[in-house]
Amino acid sequence: MRELNYQPNTLVRSLQGKQTKMIGVIMPSITNPFFAELVAAIEDKLEADGYKMLLCDAGQDSDKERRYLRMLEANQVDGIFCSDDLTAILLLKEARKLGIKVPEDLKIVGFDGTQLVQNYVPELVTVVQPVPDLAGTLVKLLYERIADPEKKLAQNSYLLPVKLLRNQTV
């Protein structure tokens, strides 16, 4: 197969009930350096695990997000990662309108995990950002800068723990 450069047809695989090994990623804007870096890291991880990524730049346009959802579903992706919980909620709502069963036919993961979303959309699987830790770190750095504006930061990056809140959309 390698000598013939054979590539399995993902559409045929999906019709046979096998995974397509494709993940859709919907971002509000890939021009934002944070999202660009996040997309690169997601793609690296997916590629290492044998998956392909379909990147969708929604441009913070809910109609465009809906069109991307339809396109991703038509391409039989195995799951969709959203850059934030609000996009994930929109996709969940659209999937239900289209009769797409979540998580049986489509898996959706959001990113933020705010308490508001946890309370009002408890079925959403989301990556919970450590808002109290983030706020504490930011305030501490601000106080250090106020006390000594010339002092250099002790470090350029900070690693804060996140957690995956597993519910019903995966």
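Begin by selecting Asp63, Arg66, Arg70, Glu94 and Lys97, which are linked in a network of salt bridges, a salt bridge being a side-chain nitrogen of Lys or Arg within 4 Å of a carboxyl oxygen of Asp or Glu. Before going further, note that this is a predicted model, in which local features need pLDDT of at least 70 and side-chain atom pairs count only at pLDDT 80 or more, while totals for chains, interfaces and linings use all residues. Residues are numbered from 1 along each chain as its sequence is written, and side-chain values use heavy atoms, with hydrogens and water left out.

**The salt-bridge network**

Within the network, show the side chains of Arg66 and Asp63, which meet in a salt bridge at 3.0 Å, N to O. Both residues lie in helix 3 (residues 62-74), three residues apart, about one turn of the helix; helices (H or I, at least four residues) and strands (E, at least two) are DSSP runs, numbered from the N terminus. Asp63 counts as partly exposed at 44% relative accessibility, and Arg66 is also partly exposed, at 21%, where buried means under 20% relative accessible area, exposed over 50%, and partly exposed in between (1.4 Å probe, protein chains only).

Next add Glu94, whose side chain meets that of Arg66 in a salt bridge of 2.9 Å, N to O. Because Glu94 lies in helix 4 (residues 85-97) and Arg66 in helix 3, the pair ties together parts that are 28 residues apart in sequence. Glu94 is buried, with a relative accessible area of 2%.

**The whole chain**

Now zoom out and colour by secondary structure: the protein has six helices and six strands, and read along the sequence they follow the pattern α-β-α-β-α-β-α-β-α-β-α-β. Of the 170 residues of the protein, 35% count as buried, and the salt bridges come to seven by the rule already given.

**The largest pocket**

Turn on a surface and look for the largest pocket, which has a volume of about 1,200 Å³. On a 1 Å grid over the protein atoms alone, a pocket is an open set of points where a 1.4 Å probe fits, with protein on both sides within 12 Å along at least five of seven lines, and lining residues have an atom within 4 Å of a point. Grid points are joined across faces, edges and corners, and the volume is the space filled by probe spheres set on the points.

To find the pocket, select Ile42, Phe81, Val109, Phe111 and Val127, which lie nearest its centre among the 44 residues of the lining. The elements that give two or more residues to this lining are helix 2 (33-48), strand 3 (79-82), strand 4 (108-112), strand 5 (125-128) and helix 6. Helix 2 gives the most, with seven residues. By residue class, the lining of the largest pocket divides into 27 nonpolar, seven polar and 10 charged, with Ala, Val, Leu, Ile, Met, Phe, Trp, Tyr, Cys and Pro counted as nonpolar, Asp, Glu, Lys and Arg as charged, and the others, Gly among them, as polar.

**Along and beside helix 2**

Stay with helix 2 and select Leu46, which lies in this helix and counts as buried at 14% relative accessibility. Its C-alpha atom is separated by 8.2 Å from that of Ile23, the two residues being 23 apart along the chain. Then pick Lys45 and Asp49, which form a salt bridge with the closest N and O atoms 3.2 Å apart; Lys45 counts as exposed at 52% relative accessibility, whereas Asp49 is partly exposed at 38%.

**Backbone stops**

Most residues other than glycine have a negative phi, and most peptide bonds are trans. Against that background, centre on Val102 and Pro103, which are joined by a cis peptide bond with omega of about 10°; Pro103 is found in the loop between helix 4 and strand 4. Gln76, although not a glycine, has a positive phi of about 55°, and this residue is found in the loop between helix 3 and strand 3. Asp112, in strand 4, has a positive phi near 155° and counts as partly exposed at 22% relative accessibility.

**A last stop on the surface**

Finally, select Val139, Leu142, Tyr143 and Ile146, which form a nonpolar patch on the surface with about 420 Å² of accessible area together. Patches are made of residues with over 30% relative accessible area and no salt bridge, like charges being joined within 9 Å and nonpolar side chains (Val, Leu, Ile, Met, Phe, Trp, Tyr) within 5 Å; accessible areas come from the Shrake-Rupley method with a 1.4 Å probe, and for residues only the protein chains shown count as cover. Ile146 is found in helix 6 (residues 131-147) and is exposed, with a relative accessible area of 59%.
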